[in-house]
Amino acid sequence: MKRLITITSLFCLFFLFEQNLTAQNTFIAGKNQFELNGKPFLIRAAELHYPRIPKEYWEHRIQMCKAMGMNTICIYTFWNLHEQKEGVYDFSGQNDVAEFVRLIKKNGMYCIVRPGPYVCAEWDMGGLPWWLLKKEDIEVRTLKDPFFMKSATAYLNRVGKELSSLQIQNGGNIIMVQVENEYGVWGNDGDYMTKIRDIIRASGFDKVQLFRCDWSSNFDRYKVPGVAETLNFGAGSNIENQFKKFKTLNPDAPLMCSEYWTGWFDQWGRPHETRGVETFLGSLKDMMDNKISFSLYMAHGGTSFGQWSGANAPPYAPTVSSYDYDAPINEAGQPTEKFYAIRSLLQNYLNEGETIPPLPSEPSKFISLPEIAFTKKALLRDNLKNPKTTDVPKTMEYFDQGWGRILYRNKISADDSERILKIDDVHDYAVVYLNDKYLGKLDRRFNETSLKIPATKKDAQLDILVETTGRVNYGKAIIDRKGINGKVYLSKGAETKELHNWQIYNFPVDAAFQKDLKYGNLTGDGPAWYKSSFKLSETGDVYLDMRGWGKGMVWVNGHNLGRFWKIGPTQSMYLPGKWLNVGENEIIVFDVENHDKPVIKSVGTPVFEIIADASMLHRKEGEMLDLSDAVPVTSGSFTSETGWKEVKFKAVVKGRYFCLEALSSQLTSDNSTSIAELEILGEDGKAISALKWKVVFADSEEVTASGSSADKIFDLQESVIWQTRIGDKKAAFPHTVVIDMGENNTVSGFRILPRTDKSKNGIIKDYRFYLQEKKFNIKL
Ligand code: GLA
């Protein structure tokens, strides 16, 4: 009897303990509010990416977020960072994400984890490993490809192993885990999303609240039971509009903006992106007033060191290495005006007894470097090792190389006339040489695929050096193999012949490879590595001033700082002080361009300068679009309501070129035009792919004050828009954009999304729409 009582009381004790634990450590998406341990909890999260911050600075950046008024840190985990070789995982050192989460806990903050497998994030291939591309018919983010699913499952299991013990229900600080990322932009397969949910649960995240994130325009494209829904949108958004449909479909759900974009990322050759403090703060205040939880994407962007920055497409637009993002905490971890504005706004919304701590002391001061002169150089052509051969050019992935450069070498026969070299698809930037003489470049951003080969008296050596500038991380172009995709031809008049029998040389990005080269003096032209060393008596953060250099990468003491490109907008590179040594330091720069006097100086603040590139504009000086002999398929007036608007034709029309002519604006006395997105509907009423689209003409584009060129209407990013030149007093209607879809399509109508921020400028009222098989008449 006594024994029975003891067992019963032990059981009761255990039950009480269990109950207590549950009562103490819970987080759920409750009725219209998140609940932490049974009490309402408003998430004020800051997004940080551990690989974009040197490990030595992790805690400082976390503390900065707390000092900005945040109670939670939101993170992605990056599959391709942790599994660089298939089946070999690395969660140590700089990749020790569990340590990062523990540091968050140590600083009294909660954590939201977004393990993917796809994460986007302006990160090479959106976090998917490049080796997936070795499978020729790979499909990603779908149940249809067992190899993708098997690999993704193995990775998610590994993340679970690292982090699931840190779920709040297990005594940790992880309050939510995200399933996939913005799947609504990609597809509507609820079964795939449900499977990813189950894999995440099975990986060990068995108790934590799950959620997913999408946009107000697409969150209802699919369903995943048991997973909370949140929305992402940008600085200056109209909060009421953003949540209108969401509230109707989810009347009991707590509201959260899971990515409130504090700024935006920069793309090579396009203006530096900023988002004004007032615009940003206004919508944040609206969210606080309406008790809407948020996560600031990014609170501190840091740097996409090495080869990690990705690209967008269409059109192909590679992201720069700096991920400063115009975020409240800048690339070097310093507070900006936006930081202080957020901090003082949030002071008004704290819970009883809650205070915002002071700013932590900086882990590293800023120093300036002595001018570094380079005296040693290793020409690429003198460092050709381990050639491989192939009949037709194969991609970089085929040769087991993830990133960097790849040289395709061939012999072409003598010919007394000029020929045209044509490459099917160059990913992403090729420089072409004949007998070591520079002939020209092929830049994927401009769909450049051919160049002239001069007459040669003797057989000549053809070199095509192709560089990767970031795998597409967003949309259907994500299957983005590097190097030469397809065939190479030489043509003369009507005669075209394919080139066979190539020699291949690989130049990966690992620091060890760059050291192990034959360095000599500075003589000789052509792509080369430059090496130097410098002595320091103290260390500290710096920006390297890369003005004067062409296009390449920089390694300091074995750390790959990322890419530089003279076209800007970023002309400087962040070098964390913790990667420098007191005493000797080594620096290696690879540049495809020549230098007589290669030097690098340091600067205390980042340099943004864009080399004016007229080719970013879709109208040549003096060009006029003549629509006098064109017949509109339809014309009409859009209502002033927000959101997507669909126009159906009376009957389907066939055509390759379309033109939207804006005749007036919703605002009186507004002579501008803006469009966020435009889709062309096929016979089945669904949007046709825009991957082959090119802007043929746009009468006016803002490419200086902001990156608002006409190709933004099909970049699939709703928060980025085409707008005609801001403040152009002479501008007048009509405003026109002409697109070449690359092939004839049978079209049943179109859809258009006006800008979604609070501004009403440029929202079209009256319009005409043209679609035809022949080109439009553009006169000079
Ligand atoms: C989306 C993605 C993020 C990031 C931002 C843009 O919201 O979810 O990963 O790419 O866009 O910076």
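Reader: How far does a polar side-chain atom of Tyr76 lie from an oxygen atom of the ligand?

Author: Keep in mind that this is a predicted model. Tyr76 is among the residues that come nearest to the ligand. Pair a polar atom of the Tyr76 side chain with a ligand oxygen, and the distance is 2.7 Å.

Reader: Which other residues place an N or O atom by an oxygen of the ligand, and is it the backbone or the side chain that does so?

Author: Here are two to look at. Trp261 uses its side chain, where an N or O atom is 3.3 Å from a ligand oxygen. Val119 has an N or O atom 3.1 Å from a ligand oxygen, and that atom belongs to the backbone.

Reader: How much of the ligand does the protein bury?

Author: Start with the ligand on its own, which exposes 310 Å². Then put the protein back around the ligand: the share of that area buried is 100%.

Reader: What classes of residue make up the shell around the ligand, and how many are in each?

Author: There are 15 residues around the ligand, and Glu122, Glu182, Glu259 and Tyr325 are, with Tyr76, those that come nearest. Sorted by class, the shell has three charged residues, two polar ones and, finally, ten nonpolar ones.

Reader: Glu182 is on that list, so what is unusual about its phi?

Author: First find Glu182 in the loop between β7 and α6 (183–186). Glu182 is buried, because its relative accessible area is 8% and the cut-off for buried is under 20%. Its phi is positive although the residue is not a glycine, at about 45°.

Reader: Is Ser669, another residue with a positive phi, buried or exposed?

Author: Ser669 is in the loop between β37 (645–662) and β38 (674–675). Its phi is near 55°, and this residue is also not a glycine. Exposed means over 50% relative accessible area. With a value of 82%, Ser669 is therefore exposed.

Reader: How does the reach of helix α5 compare with what is expected?

Author: Helix α5 covers residues 146–163, which makes 18 residues. At 1.5 Å a residue, the expected span is 26 Å. From the first C-alpha to the last, the helix comes close to that, reaching 25 Å.

Reader: Which residue caps the N-terminal end of α5?

Author: Look at the backbone nitrogen of Phe147. A side-chain oxygen lies 3.0 Å from that nitrogen. The residue that supplies this oxygen, and so caps the helix, is Asp145.

Reader: What covers the buried residues of α5?

Author: The buried residues of this helix include Phe147, Met149, Ala152, Tyr155 and Leu163. Several elements help to cover the buried residues, including β6 (110–114), β7 (174–178), α3 (79–82), α4 (97–106) and α7 (190–202).

Reader: Which residue, ten places away in sequence, does Phe148 touch?

Author: Phe148 is in helix α5 and counts as buried because its relative accessibility is 0%. Beyond four places in sequence, its contacts include Trp79, Pro117, Leu128 and Tyr192. Another contact is Ile138. The C-alpha atoms are 7.3 Å apart, and the residue ten places away is Ile138.

Reader: How far apart in space are Ala477 and Ala313?

Author: Ala477 lies in the loop between β23 (460–467) and β24 (483–484), and it is buried because its relative accessible area is 14%. It touches Val472, Leu691 and Ala313, leaving out residues up to four places away in sequence. Although Ala477 and Ala313 are 164 residues apart in sequence, their C-alpha atoms are separated in space by 6.3 Å.

Reader: Is the peptide bond from Ala313 to Pro314 cis or trans?

Author: Pro314 is found in the loop between β12 (311–312) and β13 (317–318). Omega for the bond from Ala313 to Pro314 is near -5°. That bond is cis.

Reader: What is omega for the bond that joins His427 and Asp428?

Author: Asp428 lies in the loop between β19 (426–427) and β20 (429–434). The bond joining His427 and Asp428 is a cis peptide bond, with omega of about 15°.

Reader: Is Ser700 buried or exposed?

Author: Ser700 is in the loop between β40 (694–698) and β41 (722–723). Leaving aside neighbours within four places in sequence, Ser700 is in contact with Trp722, Gln723, Thr724 and Arg725. Because its relative accessibility is 10%, Ser700 counts as buried.

Conventions. Residues are numbered from 1 along each chain as its sequence is written. This is a predicted model: local features need pLDDT of at least 70, side-chain atom pairs count only at pLDDT 80 or more; totals for chains, interfaces and linings use all residues. Side-chain values use heavy atoms; hydrogens and water are left out. A residue is near a molecule or strand if one of its heavy atoms lies within 4 Å of it. A polar contact is a pair of N or O atoms within 3.5 Å; within protein, one must be able to donate a hydrogen and the other to accept it, and residues adjacent in sequence count only if both atoms are side-chain atoms. Accessible areas come from the Shrake-Rupley method with a 1.4 Å probe; for residues, only the protein chains shown count as cover. Ala, Val, Leu, Ile, Met, Phe, Trp, Tyr, Cys and Pro count as nonpolar, Asp, Glu, Lys and Arg as charged, and the others, Gly among them, as polar. Helices (H or I, at least four residues) and strands (E, at least two) are DSSP runs, numbered from the N terminus. The expected span of a helix is 1.5 Å times one less than its number of residues. Buried means under 20% relative accessible area, exposed over 50%, partly exposed in between (1.4 Å probe, protein chains only). Contact means heavy atoms within 4.5 Å.
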